[in-house]
Protein chains: 4
Amino acid sequence: MSPQPTTTRTVLRPVSPPVLDQRFVVTGEGVEAMIVVMQTGSNDTQIQAVIERLEEHHLRGHLVRGAERTVIGVVGAAIPPTLREELEHFSGVKETLRITQPYKLVSRELRPIDTVVDVRGVKVGGNRCVVIAGPCSVESEEQIITTARAVREAGASMLRGGAFKPRSSPYTFRGLGELGLRLLAQAREETGLPIVTEVMTPNDVDLVARYADVLQIGARNMQNYQLLEEVGRTGMPVLLKRGLSATIEEWLLSAEYVVAQGNPNVILCERGIRTFETATRNTLDLNAVALARRRTHLPVIVDPSHGTGKWYLAPPLALASIAAGADGLIIEVHPDPDRARSDGGQSLNPENFAALMPKLAAVAAAVGRSL
Amino acid sequence: MSPQPTTTRTVLRPVSPPVLDQRFVVTGEGVEAMIVVMQTGSNDTQIQAVIERLEEHHLRGHLVRGAERTVIGVVGAAIPPTLREELEHFSGVKETLRITQPYKLVSRELRPIDTVVDVRGVKVGGNRCVVIAGPCSVESEEQIITTARAVREAGASMLRGGAFKPRSSPYTFRGLGELGLRLLAQAREETGLPIVTEVMTPNDVDLVARYADVLQIGARNMQNYQLLEEVGRTGMPVLLKRGLSATIEEWLLSAEYVVAQGNPNVILCERGIRTFETATRNTLDLNAVALARRRTHLPVIVDPSHGTGKWYLAPPLALASIAAGADGLIIEVHPDPDRARSDGGQSLNPENFAALMPKLAAVAAAVGRSL
Amino acid sequence: MSPQPTTTRTVLRPVSPPVLDQRFVVTGEGVEAMIVVMQTGSNDTQIQAVIERLEEHHLRGHLVRGAERTVIGVVGAAIPPTLREELEHFSGVKETLRITQPYKLVSRELRPIDTVVDVRGVKVGGNRCVVIAGPCSVESEEQIITTARAVREAGASMLRGGAFKPRSSPYTFRGLGELGLRLLAQAREETGLPIVTEVMTPNDVDLVARYADVLQIGARNMQNYQLLEEVGRTGMPVLLKRGLSATIEEWLLSAEYVVAQGNPNVILCERGIRTFETATRNTLDLNAVALARRRTHLPVIVDPSHGTGKWYLAPPLALASIAAGADGLIIEVHPDPDRARSDGGQSLNPENFAALMPKLAAVAAAVGRSL
Amino acid sequence: MSPQPTTTRTVLRPVSPPVLDQRFVVTGEGVEAMIVVMQTGSNDTQIQAVIERLEEHHLRGHLVRGAERTVIGVVGAAIPPTLREELEHFSGVKETLRITQPYKLVSRELRPIDTVVDVRGVKVGGNRCVVIAGPCSVESEEQIITTARAVREAGASMLRGGAFKPRSSPYTFRGLGELGLRLLAQAREETGLPIVTEVMTPNDVDLVARYADVLQIGARNMQNYQLLEEVGRTGMPVLLKRGLSATIEEWLLSAEYVVAQGNPNVILCERGIRTFETATRNTLDLNAVALARRRTHLPVIVDPSHGTGKWYLAPPLALASIAAGADGLIIEVHPDPDRARSDGGQSLNPENFAALMPKLAAVAAAVGRSL
């Protein structure tokens, strides 16, 4: 271990999202990845020359323009051993570096500064922490409109609500389907809140994408690779929940599936892992939040409702999440939790949600951020 | 706890699979399930009368003809409270019973005797234990044909091989796709072995079903409900692997998704769960095998290759699986494990596989079964 | 579920610790526990009368005087069914209640207000969060004195340091033993900081108690019941770490072992649980902190150093712990982590520790507490 | 990975246990271990010369005489880099080898052939599998004598029974203490069965050792190092249960603590680990049994009663354990499980135990062993 530096929090500045504009296919093993770092002030012609040389080698370059540096990411089994030296002679190229993590495009090695995902003007990943709130399932027009108004008034900046629900049993309520999507869109019209809703299968991506602002991939689908690639192809913001027994590395590799389709707009979401503990529904893993913030440039938010399974534990864990460095929260709020058709026991009522918001703002301020 | 009876192993007799011929849709909560038990000697007219009365209540009956008794399963949120009494007056009806487990159609309460799934004449779930063997991935014609011949010669009764491979990283080998399926079909032609291969997404079900004899649902997809329903609709044999952090109850509920589509041909497969132990790839859970055999009538097999992650642990755990009551095994065999494109470290070579088979036969005989 | 009340954080007021002055022995099964709640203004004669009646039934009463109410806890297999009615007729008795949790004396049912443990004037469990800091092991006079001075200067209120170290392998450094204890005492003299140090076996309790201000029970010993009872008998403050696969209920039951010896001075410490995740040493469970704060009146602190295993994750998780409601922290600090004889990779250097302290103060203030 | 050899089961021959006759103390880090392999036919004078040279270096040699080779194990932080070369010139020395595993004396690298532990003539670790049976707790003279007779008649070769019971709650039955030990001794007199019973704390080792034939270390105490060293010093057979979240490596390191005291008579016992699964009390890890059999020369037995927590799962898992290569079983048997004071739900009644024994014999025969 090298001598330990004094910790300094990454300065968070809203920057334009990386431009990752091309698909590529890798069929072999032993993938290698590298970064071509351009000199400050390098121009488009120089960048283009590098990309063309990569294409001569049948490789695609992922262009990442940052505030401080511009890099071209290259991932592929077929990177010739001499390519690095070859490119280092190009005009405008500063150096080439290997990416050592198994995930490449999502890694901080490729992009040291934070990615900010823009959802209809709401920035996720910047200095301001985002709060997404709403019911587990959309149940009726009244329920979703009431909730949307309540959470907007309390200060939430997006609305969540499930229209397609994954359920362990085939005999339980699975959501209202497209009707639910239409009700969400109506709630958006009335409140201006962008909407986050889950899509469960590749064939539904087009349908859900017509209504949603953020496509949510649920924990059970974190390794549904066709679905990841399909939402990757939409280019839309994607909220990727961690699987309940997924390692942090597997979670980032699933994000890599989306980004590798040319879609950099991924928001990671920790929602609790499965452990031996039965007093809580899941074990919220805030270690993972702090570690993911170091390993990836993607924003990381937390779901304290699923992460604890108990409404009265969601507030303290929401505060803890912000303190641990999360870029936001997704919280279940229901106008009448006792009558919810799913997950009532973990939903806050609007009063408790409203009481939580100023506390969140205070903790955000304490760690140098805002709400 | 009631006084403990002397244990007697369920007598296993090949019987015709249950006839579950109708789909049904349940949209509400609070599902109830019941069984209408027909008297011994009840006739088709009597059965038909019960089914028609159920239809008057907008309920569908799942007819299960067993050697010892014939029952009609009913699952639905809309079962009227008085229906049981109503049906108990019908001619030919012996009694009605509630199913208390969350899974219904797969439960032993509905069907006390073992289901036997017929795969081109190979019976899974009968007295004879089945051995499925083959490589993790289909890599080439020579590789799959060589392996198929070797495992058939050693006594395997089905061939496994992946054409579509789920991989944590988007940059690793994902299988040969349809080419892989064609090579599997060719191996079947040359050896007569039915083939088991994975399908990963609803859109591929038709394609894979044209080649495969058994559709495998991988561990990562155990709760991919659209996929479960899609393979349910084919009516083909389905091998359902347990998810790596799925409880036994969740595993049976996923099987219920398939069977609820009218497809009773589900083979459960334990393949190891994720625990804190890192010396083995997964922790093979043979408790789950013994418990599942009590809770469901579906056959249960074991994958000791994924369950241990080490070729040298697969043989002792294969023997243990048969001793624990498993109905069969699925084992990775590769002609040259050191050069395998995936999972080489857990694949047996053909010599070690051949050496294992007589030991398996000896243990099967010791627990009153055959190989 | 009853209608959900608006959450209100328990008001934390320093109160005198409960007086639990008697030992008792329970040998049977089916233990029952009850609380005799005295009326406001009840006097000592009335309390004494209840205790004497309990003694006539061969039961011992645990007297708990709180700011708002005085109760007498009774735990025992031999509580006669009619005793509650009998006592409710006593002068000064308001009512009797059953304790439904498996833990009794540590439960909030018995004592709704927070216990404050006094360690040489440092209050643990009050409004002020406590920070305990120091090296994993005491290594030398210079090392411990340097560290003690540095952490005191940064604002820590107690010093930690191991003289007896539990180690997985018999061949690694196990601590300096009594020499380590003497060096800790010397550090206390020079800095005034009370010292926290581990005791591993009943026979060492007397020795360690001669030097320490808080007796630490390590995670591996959380269910070493003889040790728990032995530290219980000292009456000294005890820091009880959660076992790495202990449920919250088991953790509180272990605290019950100490308190049942008449020693109410128990500080609970969450230090991470063992899960499948390997990117961090343990998974810090802040759900457990928030839940334990609701279920018990004992103070709960957090060890983010063991809880993460990485020095750079300790600061964000320390902040998160305070936000989640922890009553304090125990943090590893070493003057030269790269040369530490144990756990260097998770120790902060003094500069990073000093940089963390004002951030902790800011988060504490944000949740209505101080540092 | 090197080319895969055909698996051959280690031939098991009863051999005299290794003579490890000296204690040693290691205080530093970076322990190294090596083996001095003597030539076939080397004599005592040659061995003595090696040991004396080690002593000149302040190292102690652990002499291990096997049927095939005699080796001297050396463990110590202070092994000089030139020592190997130095010893290789000694008369009678064939070669010196490093031990690469973190555990040394228990490793198969030191001793390739199986250790056989002799318990009053009952051999544990030889070709014959041993069955230890009896109640969770000794409850009365009649209970233990009845059980002892029943299990002996059914073919068990040792009797288990707890006199000191570790219990999560301080308010539940903790065993009869010394009275329980006396009753066990009485049962041994009447039946001739050696007795296995737990010791929980260093101070009780002398007392328990006066009655017991095998000292059991429970799962909760697997890392109670003072206790391990204390039972190590007795030289008596020790049954070491795996901790419920202990890795295989940690389990073997705990065995190393005992053996390092000069006591080679350790029997390892897998008893289930703690996972997310709640349908069974623990998850029996037979991977661990097969892996431990490869990594250590010590015998490995299995406790299917605690490993499953259900009496009806104990028989299939007992069969599986023998098939996986276990050297024996420890099974809970109670004359009236419904009235047991602890763990009744996982105890077999004598009839079910008797019915299991011939099945165990059949499976043992199928894997080339006897019962």
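## A sheet in chain B

Let's start with one residue pair in this predicted model: Ile35(B) sits opposite Gly73(B), which belongs to strand 3 of chain B. The two strands involved are easy to find, as strand 1 (residues 32-38) and strand 3 (residues 70-76) of chain B pair in the antiparallel sense over six bridges.

Stepping back, this pair is part of an open sheet of four strands in chain B, with antiparallel pairing and the order 2-3-1-4. Strand 2 (61-65) and strand 4 (93-98) of chain B stand at the edges with a single partner strand each, so one side of each has no neighbour in the sheet. On average, neighbouring strands of the sheet are turned by 20 degrees against each other, direction ignored.

A helix joins the picture here: helix 1 (residues 44-56) of chain B packs on the sheet and touches strand 1, strand 2, strand 3 and strand 4 of chain B. The direction of helix 1 makes about 5 degrees with that of strand 3 of chain B.

## How chains A and C are related

Now turn to chains A and C. A rotation of 180 degrees, with 0.0 Å of shift along its axis, superposes chain A on chain C with an RMSD of 0.1 Å. That is the relation of a two-fold axis. The same surface serves both copies, as 100% of the contact residues of chain A recur in chain C.

If you want to locate the axis in the structure, look for Ala320(A): among the residues of chain A, its C-alpha comes closest to the rotation axis, at 2.0 Å.

## Two nonpolar cores

Nonpolar side chains tend to be buried together in soluble globular proteins. Here the largest nonpolar core has 236 residues, and Val363(A) and Val363(C) touch the most other members. Leaving aside neighbours within four places in sequence, Val363(A) contacts Leu319(A), Ile322(A) and Ala323(A) in chain A, and Ala323(C), Val363(C), Ala366(C) and Val367(C) in chain C.

A second, separate core holds 233 residues, including Val50(B), Phe164(D), Ala219(D) and Ala323(D).

## Where chain D meets chain B

Which elements of chain D give two or more residues to the side that touches chain B? They are helix 7 (248-259), helix 8 (286-295), helix 10 (314-324) and helix 11 (350-366) of chain D. The largest share, eight residues, comes from helix 11 of chain D.

In total, the contact takes 48 residues from chain D and 47 residues from chain B. Sorted by class, the side of chain D that touches chain B has 27 nonpolar, 15 polar and six charged residues.

Key: Residues are numbered from 1 along each chain as its sequence is written. Chains are lettered from A and ligands numbered from 1 in the order in which they are written. This is a predicted model: local features need pLDDT of at least 70, side-chain atom pairs count only at pLDDT 80 or more; totals for chains, interfaces and linings use all residues. Copies are superposed by least squares on the C-alpha atoms of residues with pLDDT of at least 70 in both. Two residues are in contact if their C-beta atoms, placed from the backbone, lie within 7 Å. A nonpolar core is a set of buried Ala, Val, Leu, Ile, Met, Phe, Trp, Tyr and Cys residues joined through C-beta atoms within 7 Å. A residue is buried if 20 or more other C-beta atoms lie within 10 Å of its own, exposed if 12 or fewer, and partly exposed in between; C-beta atoms are placed from the backbone. Ala, Val, Leu, Ile, Met, Phe, Trp, Tyr, Cys and Pro count as nonpolar, Asp, Glu, Lys and Arg as charged, and the others, Gly among them, as polar. Two strands pair if DSSP finds at least two bridges between them. Axes are lines fitted to C-alpha atoms, for helices over the stretch in contact, and angles run from 0 to 180 degrees between N-to-C directions.
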